[in-house]
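Biologist: I would like a close look at one part of this protein. Please start from a single residue and work outwards from there.

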Amino acid sequence: MLGAGDDRRWMAAALSLSERARGRSTPNPNVGCVIVADGRVVGRGWTQPGGRPHAEAMALAQAGDTSRGATCYVTLEPCAHVSPRGPACADLLIASGVARMVIACRDPDPRTDGDGIARLEAAGVAVLTGVGADGARRAMAGFLARQQYGRPHVTLKLALSLDGAVAMADGRSRWITGPQSRAHAHLERARHDAILVGRGTFAADQPRLDVRLAGLEHRAPERLLLSATAQPGWTTLAAPSDIAGLTDVDHLLVEGGAATAAAFLAEDLVDRLLLYRAPVVIGGGRTLPDIGLADLAAAHHRWAMLDARALGSDRLEVYERVRKD
């Protein structure tokens, strides 16, 4: 008999698998799935590039007949709609004979939205929801932002000195942070569908915006430019709000520079902050321009810290936008 601690442990494993698909599964959510029988994993899966196969289909194919009577852990409610690209996962799970489903989050897609759970329960499968829900929502933030806000989930990356400068007074910013921070930033690039810079950064640095980590070079995101003037080889957006029109982009990383960062903050389009803080003092350097705050009180209670860690001599801080909706 599996207890609550076992459910949390196996759901954590499913969440880890879901992270493998982040930035690769769009337009489908990056789901993770683990099938457990007699205390051991008999099947595991995560959404494959381009959105198919789904995590459940991958795990069931691996489990085979051992899925009968097993418990399936999945980070999102199994889909209930038949697609030209494949059958409904709820039907596959019922046919497999799983006895119990543990589901982190309900699927807000109107084609499923509770129907997957209802179909499983009607077939006699025991269903438990809400285990690992916060972790699942963060892992699938891109898909959920698209469903809720009609735009990608936006992460803003800033490399800062101790006195808050993002560059020298003349605009030079290579390199404020050390190699460990830069390697982590490349890992973040690999976890996003697209990466955006402003015209100033483009002109000053001619950035490649690729992923320079061994084994992840193929994970380079689409390159976007915030500019009033189109640039060959780049997807150009005239305003931050234009991100709503991006197709197949659910996870967007904004890397700079200062004016671009301020523009996204001013329009309240940033959902996650990555602050790489280096142990240097610049003095007189460039900081963020005005982001439209009416008074200091409006700046409080907008951000919640999710993580903080050392990266070599630097410090990484991760914040999440606190939203009421």
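Where does D38 lie? Please describe the surroundings too.

Modeller: One caution comes before the tour. This is a predicted model. D38 lies in the loop that links β1 to β2. Its phi is near 55 degrees, which is positive, and D38 is not a glycine. Most residues other than glycine have a negative phi. D38 is also exposed, because its relative accessible area is 83% and the cut-off for exposed is over 50%.

Now step from the loop to the sheet. β1 and β2 belong to an open sheet of five strands. Read across, the order is β2-β1-β3-β4-β5, and the pairing is mixed. β2 (40–46) and β5 (126–129) are the edge strands, and each of them pairs on one side only. On average, neighbouring strands here are turned by 15 degrees against each other, with direction ignored.

Look next at the β5 edge. β4 covers residues 100–105. β4 and β5 run parallel, and four bridges pair them. For one of the partners, take I103: its bridge partner in β5 is T129.

Two helices pack on this sheet. Helix α2, residues 55–63, touches β1 (32–37), β2 and β3 (71–76). The direction of α2 makes about 145 degrees with that of β2. Helix α4, residues 115–122, touches β4 and β5. The direction of α4 makes about 150 degrees with that of β5.

The loops around these elements deserve a stop. D113 sits in the loop between β4 and α4. Like D38, which has a positive phi without being a glycine, D113 has a positive phi, here about 25 degrees, and is not a glycine. D113 is only partly exposed, because its relative accessible area is 35% and partly exposed runs between 20% and 50%.

Two prolines come next. P27 is in the loop between α1 (4–19) and β1. The peptide bond that joins T26 to P27 is cis, with omega at about 20 degrees. P53 is in the loop between β2 and α2. The bond from R52 to P53 is cis as well, with omega at about -10 degrees. Most peptide bonds are trans.

Further along the chain there is another sheet. It is open, has eight strands, and its pairing is mixed. The order is β9-β8-β7-β10-β6-β11-β13-β12. β9 (235–237) and β12 stand at the edges with a single partner strand each, so each has one side without a neighbour in the sheet. The twist from one strand to the next averages 25 degrees.

Follow the pairs across it. β6 and β10 (residues 251–256) run parallel, joined by four bridges. V154 has L252 of β10 as its bridge partner. β7 and β8 (residues 222–226) also pair in the parallel sense, over five bridges. There, L196 stands opposite L224 in β8. β8 then runs parallel to β9, with three bridges between them. L224 stands opposite T235 in β9.

Helix α7 lies across several of these strands: β6, β7 (194–198), β10, β11, β12 and β13. It runs at about 160 degrees to β11. Between β6 (153–160) and α7 there is a loop, and S161 is in it. S161 counts as buried, because its relative accessibility is 0% and the cut-off for buried is under 20%. Leaving out residues up to four places away in sequence, S161 touches I176, R277, A278, V280 and I282.

One pocket ends the tour. The second largest pocket holds about 810 Å³ of space. It is lined by 29 residues, and R137, R138, A141, H153 and E320 are the closest to its centre. Elements that supply at least two lining residues each include α5 (133–139), α6 (141–149) and α7 (179–190). The strands β11 (272–277), β12 (303–311) and β13 (314–321) do so too. By class, the lining has 15 charged, 10 nonpolar and four polar residues.

Terms used
Residues are numbered from 1 along each chain as its sequence is written. This is a predicted model: local features need pLDDT of at least 70, side-chain atom pairs count only at pLDDT 80 or more; totals for chains, interfaces and linings use all residues. Side-chain values use heavy atoms; hydrogens and water are left out. Two strands pair if DSSP finds at least two bridges between them. Axes are lines fitted to C-alpha atoms, for helices over the stretch in contact, and angles run from 0 to 180 degrees between N-to-C directions. Contact means heavy atoms within 4.5 Å. On a 1 Å grid over the protein atoms alone, a cavity is a set of points where a 1.4 Å probe fits but cannot get out, and a pocket is an open set with protein on both sides within 12 Å along at least five of seven lines; lining residues have an atom within 4 Å of a point. Grid points are joined across faces, edges and corners, and a volume is the space filled by probe spheres set on the points. Ala, Val, Leu, Ile, Met, Phe, Trp, Tyr, Cys and Pro count as nonpolar, Asp, Glu, Lys and Arg as charged, and the others, Gly among them, as polar. Buried means under 20% relative accessible area, exposed over 50%, partly exposed in between (1.4 Å probe, protein chains only).
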